[in-house]
Amino acid sequence: MATQNVETNKKKKKKKGKVKWSDLYTFSCLRPPPPVNRSDFGHPGFSRVVFCNDSGMHKTKPYKYPTNDVSTTKYNVVTFLPKSLFEQFRRVANLYFLLVAVLSVTSLAPFSPLSLIAPLVFVVGISMLKEGVEDWHRFLQDLEVNSRKVKVHIGNGKFVDRSWKVLRVGDVVKVIKNEYFPSDLLLLSSSYEDGVCYVETMNLDGETNLKIKRCLECTLIFDNEQKFDKFKATIRCEDPNSSLYTFVANLEFGDEDQLDSSYPLSPSQLLLRDSKLQNTDYVYGVVIFTGRDTKVVRNSMNSPSKRSRVERKMDHVIYVLFFMLLLISLITSIGSVLYTDQPQTTKEWWYLRLLDDTDASFDPDKPLISGFLQFLRALILYGYLIPISLYVSIEVVKFLQAMLINNDLHLFDEMSGKSVESRTSNLNEELGQVEMILSDKTGTLTCNQMEFRKCSIEGISYGGDVNEIVRAASQRMNIDIESYRFNLDGADSTPRDSIEMVEISSDQNKIDLNAEKGIQNLGVMAIKGFNFRDDRLMNKMWLHGSNVWDMIMFFRVMALCHTGIPVENGEETSSHKLKYEAESPEEVTFLIAAQEFGFQFCRRTQSSMFVKEIDPSGFEVEREYKLLNLLEFSSSRKRMSVIVRDEVGQIFLFCKGADNIIFDRLGDGGRTYQHATTIHLANYAEDGLRTMVFAYRKIEDSEYEKWSSTFTKAKVTIGHEREELLENVSETIEKDLVLLGAVAVDDKLQDGVAECIDKLAQAGLKIWLLTGDKKETAVNIGFACSLLRHDMKQFHLSLSRDAESKNQLKAMKDDILNQIEASYQVTVNEKTKDDPLALVVDGKALEIALTNDIRDRFLQLAVSCASVICCRVSPKQKALITRLVKRYTGKMTLAIGDGANDVGMIQEADIGIGISGMEGMQAVMASDFSMPQFRFLERLLIVHGHWCYKRISKMILYFVYKNIVFGLTLFYYELYSKFSGDVLYDGWYMVMFNLFLTSLPVISLGVLEQDVSSDICLQFPALYQQGQKGIFFSWKRIIGWMGNGILTSLAIFILNVYILSLSAFRQGGEVVDISHLGVITYTAVVWTVNCQIALIITHFTWIQHFFIWGSILCWYIFLLFYGALPPKYSHREFGLLVEAVGPAPMYWIVVLFVVVISLLPYFIYMVIQRSFYPMDDHVIQEMKYGRKIVVDDETWLREKQSSRKATHIGFSARVDAKILHLKDQLHKKRMFIIKSITSSPIRRSITISTLENRD
Amino acid sequence: MRTFAKDAFRGERPWGDTVCDPWFSVHPQITNADMNQELVTNGASKSKRNSKKPEYSRFTQQELPAWKPILTPGWVITSFLAIALLFIPIGLVSLFASMRVVEIVYRYDQDCVPETYRDNVTSYIQNPLTNKTCIKNVTVPKNMEAPIFVYYQLDNFYQNHRRYVKSRSDKQLRNAGDEFSTKGCEPEAKSKAGPIVPCGLIAWSLFNDTYNLLIQDKVLDINKKGIAWKSDTKDKFGSDVYPRNFQAGSLIGGGKLNESVPLSEQEDLIVWMRTAALPTFRKLYGKISSDLKAQDMITVVLENNYNTYSFGGQKKLVLSTTSWIGGKNEFLGIAYLTVGGICLFMALNFILLYIFKPRPLGDPSYLSWNRNTSRQ
């Protein structure tokens, strides 16, 4: 890919004209650096010395700096074991298991050491393996990054490809277009004569517009590979730090005669690692900071290990169980001590011979020691309450869940060949509980690509197919209207209603037809950046328009008012179409559009621009325009102008800019189209299109001369006031403009983003947009993806100019606080309470709003708004917002982004998602899930998240249940055996329980359970809210299941003891002994827990059946084999099933009885809940899978509609709003028509005539 | 509508540019073939090579055919009825079986202590010289058919105490050569004369009361063979292992063993060594192979040797017949009947409920969004 680019770029290079941009630009982007105190060099903080082109100097101390090898791994070969072990044993549960494992080696252990150590090794091993694999992946990606190639100077003017990691400080490198900078570089020269280059810093701050960097004049001469043979310089600069926008250094460089000359360096000479060279063929630079010294690496945070909320809650459950464990262990030990310690005990219980102490745990002389030993033993014995196998199973289940997510074909993107990938499997169930999505804009919602969509010239809108909202609304309306009409017809069959309705619906059809046609045509056109179709403008048709002059002027603005340059397209020479490169992607689209309309901007020289125009006569002519001035765009000016002289000698000022700015500067004669244009602009803006207004002005020579001289004067001014001066001067010429029209550009959304957001909104998710881009763009996108809509109340939070200029924290705070308060008042106001609200926050305002004392107020306001858009946000702020939202609201947050600037946010959020489609991998590396496109979020959350949450919740609850059932029977037995710590079951039963007899069904539950199928999940996003409310893992449920476990264990134990004690259990008169009671109780436990899971599962594939019934069968098979072993191995259990319990009918009917009794409470609970308090999924299951078709399609559809949460954002919400609006209009229209018809003379005559006819 | 719009988007993307947009350029989706033919093939083959497209399988797509049972009223009623219909007959049958069983329980531990020793029972029982013989009469309440099982029942005796349970050596019991493997038998592992066979507390505390039954002064034969499990006599207790040094120490626990009889034939010991699970337990003493008639008077001549007095345990003599469910066990039958009854009741309740107030399956009005709106 990269090499391909390089080759094509090489071809283009020779065609490109050399232009000195610095002469064209007038404003701030090339401002001289602010004065810095440079006397600090050599002192701490400013001690770095770089010997340019002499990296050999940096091989030894004291100038030895780290290599360019960047490592994001957590461990290395040596530290892996201790570090990851430490991580593992930070979990309390694991520590407990470690204690148990250590104790198991002693004689205290009731079980074999192996059965206690093996699971621990497994759990810890699996977790460590997972860590290891994840780290390995990180390592591989590091490797990929580190082995990227860059051209490095090796002497004698020779540049060879070297991998990034061997790069050293002082190396001279050559970076080619579209390549990333391998480290922080000092710009020496570029392919442009004046040494500027364009840099895309999306990975650093998310801004998509290009930034200009410019080298020092003294290094300009090194613009050729050969010249670097002689290059020698020394840089003294600050020590590595994380500030992206500052850089203090001196370059000491000169010819042989004046070695001492030193030049100050500024951030505008610094090219940062991970930013990308754009629009510039190549640059030369010297490596200053490498590897971990680079600013971007210093900005990165260590990825925190995340744990899901369910798991954290599970920890609390474990604490409860732990408490239970301690309690019953304490009871056991105290009980044991009380029995042994009584002075008469030794006499009474003569058969125990306690005085002949061979066992310290029953020593009546040392009650404390024996009590402690008993306690330890009990801790191990009842360890079944704290299921280590739970951790094992969860690891296994999550791994399998992740595998299912990775392999979902619906989550596979054909275009990129990538699929959604779960990078850390321990957050699967978090996906089902997300309440807030914090999304990046560029690259995440949009594909960072502009398209020319519409324009309004002379007050006529072109390219205007109806937008989807209107189309959807009208379609839905059509249905509504039909039924409405039917009703009306039935009630009153006067002809007038029908007429009107027919008219409307035919209108509707026309619109639909148009839309379809437009779509068909789009396939044919297919020009990148140009998504425009209107026969009135294409193919020179505009020549037949009424006012051709204004048309031409409009296109001229398009073709001339920009900073772009044409690039010859090597492949398509036959079509004579050019490609363009410009500072902002919008300008490119304008140029492409102008080309399509017949105004091809074909060349640019230092002082002239050449345009191939269509003459009013219809012929193509090439015209030259002398570029007199370029008044560039800035965020405060919000407009850009060029002043050109055409071939005739007329001077024109072409201006484009934001609507309000231009409208303010229109001349009296220039407002002809203002009204119509304003309406169009509003429409465009509502569609989420970015708009720009075009205007021009003819300037008299004399006026220009006068202005030009003042302007030149201002231009040469040096100092702070230069910019202000320039602006003021520009102001004087940018007036009395003539409005031409407006254009609308679409920041193209990614596939399916609007639908996805719609679904997510219905699922009750809130979406915040955090973007580094400017406010206008952000708001446009807000409209485009339906986060904003026209009838929404928008709060704009931004610093007033006043407060900003004072630059006093206090004033700014007050300002923001006032705004927040005012907005908040609106939200709590009764009248406007239910109105949709939106909040748009500016980066600077955000900075203030997030200060300690007012951030609570801010978040309070933000949370009450339906959608929040933050613009001009720095990466750090993104992370900060995420953290605050997470903390303040306590809601589950999901952050999604694609660039390195989103890394902080991704790491901070509960779930971080990286878009993997783009080149940069930082976001993906930091993320928990990666996906090729935003739209997959819908399925990932609503289907997989929902499932995983339910699965894990059910699984944990069941696990708790099953282990309580089993563990407590062990405890109850102690009550019958003087708390001596005897075990009812054979050691192997204990091992088998969690290993073979109950593990597989619960794993199948955790992997395969589905309450409803994926289609239904998507049809009823409202089901997702079950996860948000956390109802499946609430304390109510947890306690309920614990209670159920206690109840079941009691039922099993008491019934068995009661039924089986004393009298014979076989016809042969035999009575039960320990092994018999043990095996019968244990059988009941196995049956009960396995049948219980069958009651929980609602989705039986053959796998579940196989595992559940297989587990029960497995128990009998085990018993058979165990009993068949010689007594040396099988001990008490020898021949147990075949000889003793198997032939006894009692065994079977006792088990049947106990199992039914144990399950009955839950079954009754289930019946009552299902019958009287069904939950949404129950009802939907019934609607869908009920044997009889109990609901017709209509109900199904209706419920699908009504399940949508009353959301304020999203496509459907907008459609609904539009329908409301249309209905309102329809009503008004009808009232008007009725009025006019009834009052019109024709109508009167018609009615009279019909009446007469009837007669 | 949506899919339509999506397709429209698809059509828009057939450019073949590679400069700014690496994403789409790698895999261009071309609708009209005459454009960028080269890139199409290039891109397509590339996409195929790079593609990590998951393989389709029903398992990975989670589309395995599944049975999705729903707890419909029909299911509820059916399951309750099924339980009831299963349990009531079982309950009746087992209750009937239990009622056929005749059981005589006679507690003798208090009656068999002479009046003079009532205040100091332990000294009586521990003194080997006192006369332990005790003669009592028991009436047979109902006809008892052979085989009649004779049990002794001990109370408050913790055979399941961990120290006690462990205190045996299965190895020693099994093989004649392993008499020295007395691990775990302490403090009853070795005597001065050598290893004790059988070692351990369990054997040491062997129950040693004896019963002789007379009916109308005729000796009622108690067969003491065949009271142990076959697996014990055959596999767990060696036929060539003979008791040695048993009860030879200063402290004598319970019964003594005939040193000339191999362990496999010492069925009293074998039964005793099958440790009971609970502190109150019965153990088989022998079998009577003749029938007993109702109102027969049985004279019990017993040797009251075993010390349960020090821990206040009771001793009972039990004579019982069996049925297919074993001994007398009315609780089981009653419990079965009760549960069956409850389920029948539930089933009827639900039937009535669904007749009078049916809840339509999948009633949308129960959906949370509908409930919320109705509340407002």
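Begin in chain B of this predicted model by selecting Glu267(B), which is found in helix H10, the helix that covers residues 267–273 of that chain. Colour the residue by accessibility and Glu267(B) proves to be buried, yet it has no salt bridge, and the nearest side chain of opposite charge, that of Lys225(B), is 4.8 Å away. That separation fails the test because a salt bridge requires the side-chain nitrogen to lie within 4 Å of a carboxyl oxygen.

With Glu267(B) still selected, display the backbone nitrogens around its side chain: that side chain reaches the nitrogen of Gly226(B) at 2.9 Å, and the nitrogen of Ala228(B) at 3.0 Å. If you then show the surrounding residues, leaving aside neighbours within four places in sequence, Glu267(B) is in contact with Lys224(B), Lys225(B), Gly226(B), Ile227(B), Ala228(B) and Thr233(B).

Now widen the view to the whole of chain B, whose secondary structure comes to 12 helices and 10 strands. Of its 376 residues, 53% count as buried, and among the contacts in chain B between residues at least 6 apart in sequence, 76% join residues at least 24 apart.

Move next to chain A and select residues 548–560, which form helix H14(A); at 1.5 Å a residue its 13 residues should span 18 Å, and the end C-alpha atoms are 18 Å apart, which agrees. Because 12 of those 13 residues are buried, H14(A) is largely enclosed by the rest of the structure. The buried residues include Val548(A), Asp550(A), Phe554(A), Phe555(A), Arg556(A) and Leu560(A), so charged side chains can be picked out here alongside aromatic ones.Stay in chain A and bring up the open sheet of 9 strands, which run in the order S16-S35-S34-S33-S17-S29-S32-S31-S30 with mixed pairing. Strand S16 (421–422) and strand S30 (793–797) stand at the edges, each with a single partner strand, so one side of each is left without a neighbour in the sheet. Within that sheet, select strand S33 (residues 893–897) together with strand S34 (residues 911–915), which pair in the parallel sense over 4 bridges; here Gly897(A) stands opposite Gly914(A) in S34(A).

Finish at helix H34 of chain A, residues 1035–1060, where 26 residues reach 37 Å from the first C-alpha to the last, close to the 38 Å expected at 1.5 Å a residue. After H34(A), select Leu1062(A), whose phi is positive, near 65°.

Definitions and conventions
Residues numbered from 1 in each chain as written. Chains lettered and ligands numbered in written order. Predicted model: local features only at pLDDT ≥ 70, side-chain atom pairs only at ≥ 80, totals over all residues. Heavy atoms only, no water. Helix = DSSP H or I, 4+ residues; strand = E, 2+ residues; numbered from the N terminus. Expected span 1.5 Å × (residues − 1). Buried < 20%, exposed > 50% of the residue type's maximum accessible area, 1.4 Å probe, protein only. Polar contact = N/O pair within 3.5 Å; in protein donor to acceptor, adjacent residues only side chain to side chain. Contact = heavy atoms within 4.5 Å. Pairing = 2+ DSSP bridges.
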